[in-house]
Amino acid sequence: MDFRELRVARAMEFTVHEINNRTDLLPGITLGYQIHDSCASVPMAIKLAFQLANGVDPVFNDTDSCSKSASAAVPAIIGESGSTPSISMARLLGLFGIPQVSHYATCACLSDKREYPTFFRTIPSDHHQAAALAKLVKHFGWTWIGAVRSDSDYGNNGMAAFLKAAQEEGICVEYSESYYRTQPRSKLERVANVIRRSTARVIVAFVASGDMRFLLDELVRQPPPPLQWIGTETWITHPGFIKYNMCAGAIGFGIPRSVIPGLREFLLDLSPEQVLKTPLLTEFWESSFSCSLKGSSEGARECDGSEDIRALQNAYTDTSQLRLTNMVYKATYAIAHAIHGVICKDTQCDKSAKFTPLQILNQLKKVNFTTKNAFEVSFDPSGDPVAIYELINWQVKKDGLIDFITVGRYDSAKPRGQEFSMSRAIIWLGGQSEVPVSVCSESCPPGTRKSVQKGKPVCCYDCIPCAEGEISNKTDSLNWAQCPPEFWPNAQQNRCLPKPVEFLSWDDTLSIILTAFSITGAFIAVCVAAVFYKHRTSPIVRANNSELSFLLLFSLTLCFLCSLTFIGQPSEWSCMLRHTAFGITFVLCISCVLGKTIVVLMAFRATLPGSNAMKWFGPPQQRLSVLAFTLIQVLICVLWLTISPPFPFKNLKHYKERIILECELGSAIGFWAVLGYIGFLALLCFILAFLARKLPDNFNEAKFITFSMLIFCAVWVTFIPAYVSSPGKFTVAVEIFAILASSFGLTISIFAPKCFIIMFRPEQNTKKHLMGKEPTKSI
């Protein structure tokens, strides 16, 4: 016998007595009641509904009974406890218009007023419990769960609502199994094996208490790995399940606990004489004390009157968890207030008033009151109350026993998103304080995105690293984000950082080396000029056109120094200066070399009889030629700077991970015109020097000019492919190297032999030797 159900039945009896003793509610009116046990059987529930609706005597069911009452025998019915019997009763009672107020039927389907127009309840609909359970699971980050349900209206409808809410919360279900206690044992074993083999560590059990006991008994035979049980109101506060240690740490929503003043005294106020009047109480008494009140039970002693009901400790006497009992208390009061609203005005009631169940039904829709134990009672248009749950956790006490601890609350009347609240820490599996993890796949860290595994739920995924140039800065990101053009991901690919800007800076090692060579070259040119100036009257200096030699040394000094303009961060002025300075100084340099070459040719022709070649290419003509050649380059540079000058440019294409800060040419035609003009003069100079290389002379300068131009042309021919293929700052370095190499080539080829003779072979620095009148060794 289920003593909890007996306590619930007697709670209704207590409530009726309490109402009958009140002077403010139905004064002068005495309520009656009948209590029937349907034994959780649908046929029995339907039979009792017919009896109550038609006034048929439950004992003498003769064929003429149905005609004894033209109207319903009762104005309202409280019950049933289960959802399936309540559905059957509600369909039948709806035909008679008799209101039914259930204290424990939670199926959301009963909220459909078109199908169940006379159904009300004081316990919340499972629609709210399903939403609360989904929020609870989401709160603790459980995205991979198992689900088991009773194969009944309660379990199937409740689980369907939960699965829908769970899907909206992004929760995946590994399995969803159902069973009913009357089904073959093989079905129960299969469900238990699914639970044992599953990878989900959290299981939501939308199971009636009777079915839950069968499931736990089966699992105890071969315990599964530790599980976090999520329970519903039917079993999460059921004291009979505390013995199952595998459920330690279980958590779920239960009906709010309450205190009903005077109920405990009423329950314990029983004597053997009172018990004998009611078969249910007789069975309870004999079962509790293992004796027979009538002495009719075989093998049982006769009750002798020493039995003390206050010494009993069972579900009947335990009033510490008055949850379901309070739902009966509220339901009984709701019907009383509805009757009061029909037959009473203020404090006066018409004892002879006739009323119909339909009047009670309409009045029930309007009831709104607060019970003596401070619980509000009202019904929404669906016949449901405001959904309020307590979050119950099975916590292990110091003595090793499990206790029900309220750790949170769910109130559907609160604003959206604020319904669920936690009030204290929770003890989890086996009394552990850490939150268990139940996910199909670990969270994808920033820098990756989720990729759903084929054929599996969305909670099962692989973490795919971000592609080049993309980031994800959130955990479990579904997509990547492209970094802006001037940004690049960090090593973790969770942030976009500004790309490092690369250019040939002054503190770069390569820049320091090139600067050293540049200054050294300029210093050498200045030193050569100093040597030439000191020995300016010597034959070798005078014979090699000292004026052009000094101008050439000056231009070489500028060539060495102009390479410095290529170092440092490019700006508008530096970009224009570096290319124009380079072009003009090199043309000046080549013009001087070209002038010296022409002088050599003219000097040789001047030695021929009747020749006056030097008359046409004297010093004025030499200066004018150098100026003319240089002015042409100046004109090209002016046109280039006017039409489309070079400008600083951020090259984002050459390297993906960094920015190359360089000088864009502006007009490519202008750039190649500058180089082409230099190449044209160098080639012309090379041809003329080559033609004069075998002229008879002890010191034929044409040989050295030919060699210098060969070096110059070789450097700049190799420069072009190197310039085009060199990456980043090395493009500038290649250009500087070409400038320095060609400058050093000219300086060494043309001036080194002269300086060697001046410094180390002064005996050869004579006019006779230069005229070939003294034999000498070749240099």
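In this predicted model, Asp 24 is partly exposed, with a relative accessible area of 45%. Its partner in a salt bridge is Arg 22. The closest N and O atoms of the two side chains lie 2.7 Å apart. Arg 22 is likewise partly exposed, because its relative accessible area of 21% falls between the 20% and 50% cut-offs. The pair is one of 18 salt bridges in the structure. Side chains of opposite charge can pair when their charged atoms come close.

A further salt bridge joins Arg 91 to Glu 115, with 2.9 Å between the closest N and O atoms. This contact links distant parts of the chain, 24 residues apart. Arg 91 sits in helix α3, which spans residues 83-96. Glu 115 belongs to the loop between β2 (100-102) and β3 (119-121). The relative accessibility of Arg 91 is 46%, so this residue counts as partly exposed. Glu 115 is partly exposed too, at 38%.

Asp 211 and Arg 181 also meet through their side chains, in a salt bridge of 3.1 Å from N to O. Here the partners are 30 residues apart, and the pair again links distant parts of the chain. Asp 211 lies in helix α7 (residues 209-221). Arg 181 lies in the loop between β5 (172-179) and α6 (185-197). The two ends of this bridge fall into separate burial classes. Asp 211 has 0% relative accessibility and therefore counts as buried. Arg 181, at 32%, counts as partly exposed. Elsewhere, Arg 185, Glu 189, Glu 218 and Arg 221 are joined into one network by salt bridges that share partners.

Attention now turns to the strands. Strand β4 covers residues 144-150, and seven of its seven residues are buried. The strand is therefore largely enclosed by the rest of the structure. Cover is present on both faces of β4. One side carries Trp 144, Gly 146, Val 148 and Ser 150, all buried. The other side carries Ile 145, Ala 147 and Arg 149, also all buried.

β4 pairs with β5 in the parallel sense, over seven bridges. Within this pairing, Ser 150 has Tyr 179 of β5 as its bridge partner. The chain passes from β4 to β5 through helix α5 (residues 153-168). This β-α-β crossover is right-handed. β4 also pairs with strand β6 (residues 202-206), again in the parallel sense, over five bridges. There, Ala 147 has Val 204 of β6 as its bridge partner.

The cysteines were examined next. A disulfide is a covalent bond between the sulfur atoms of two cysteines. The count of disulfides in the model comes to eight. One of them is formed by Cys 107 and Cys 109, whose sulfur atoms are 2.4 Å apart. The pair qualifies because the cut-off is 2.5 Å. The angle about the S-S bond is 130°, and the link is right-handed. Cys 107 has 0% relative accessibility and so counts as buried. Cys 109, at 22%, counts as partly exposed.

Cys 344 and Cys 349 are joined by another disulfide, with an S to S distance of 1.8 Å. This link is right-handed as well, with 105° about the S-S bond. Both cysteines are buried.

The disulfide of Cys 483 and Cys 496 has its sulfur atoms 1.9 Å apart. With -90° about the S-S bond, this link is left-handed. The disulfide connects distant parts of the chain, 13 residues apart. Cys 483 is in the loop between β21 (481-482) and β22 (487-489), while Cys 496 is in strand β23 (residues 496-498). Cys 483 is buried, its relative accessible area being 7%. Cys 496 is partly exposed, with a value of 24%.

Cys 592, by contrast, is in no disulfide. The nearest cysteine sulfur, that of Cys 589, is 6.8 Å away. A disulfide requires sulfur atoms within 2.5 Å, so this separation leaves Cys 592 unpaired. Cys 592 is buried, with a relative accessible area of 0%. Cys 247 is also buried, and its relative accessible area is 0%.

Key
Residues are numbered from 1 along each chain as its sequence is written. This is a predicted model: local features need pLDDT of at least 70, side-chain atom pairs count only at pLDDT 80 or more; totals for chains, interfaces and linings use all residues. Side-chain values use heavy atoms; hydrogens and water are left out. Buried means under 20% relative accessible area, exposed over 50%, partly exposed in between (1.4 Å probe, protein chains only). Helices (H or I, at least four residues) and strands (E, at least two) are DSSP runs, numbered from the N terminus. A salt bridge is a side-chain nitrogen of Lys or Arg within 4 Å of a carboxyl oxygen of Asp or Glu. Two strands pair if DSSP finds at least two bridges between them. A crossover is right-handed if, with the strands pointing away from the viewer, the path from the first strand over the helix to the second runs clockwise.
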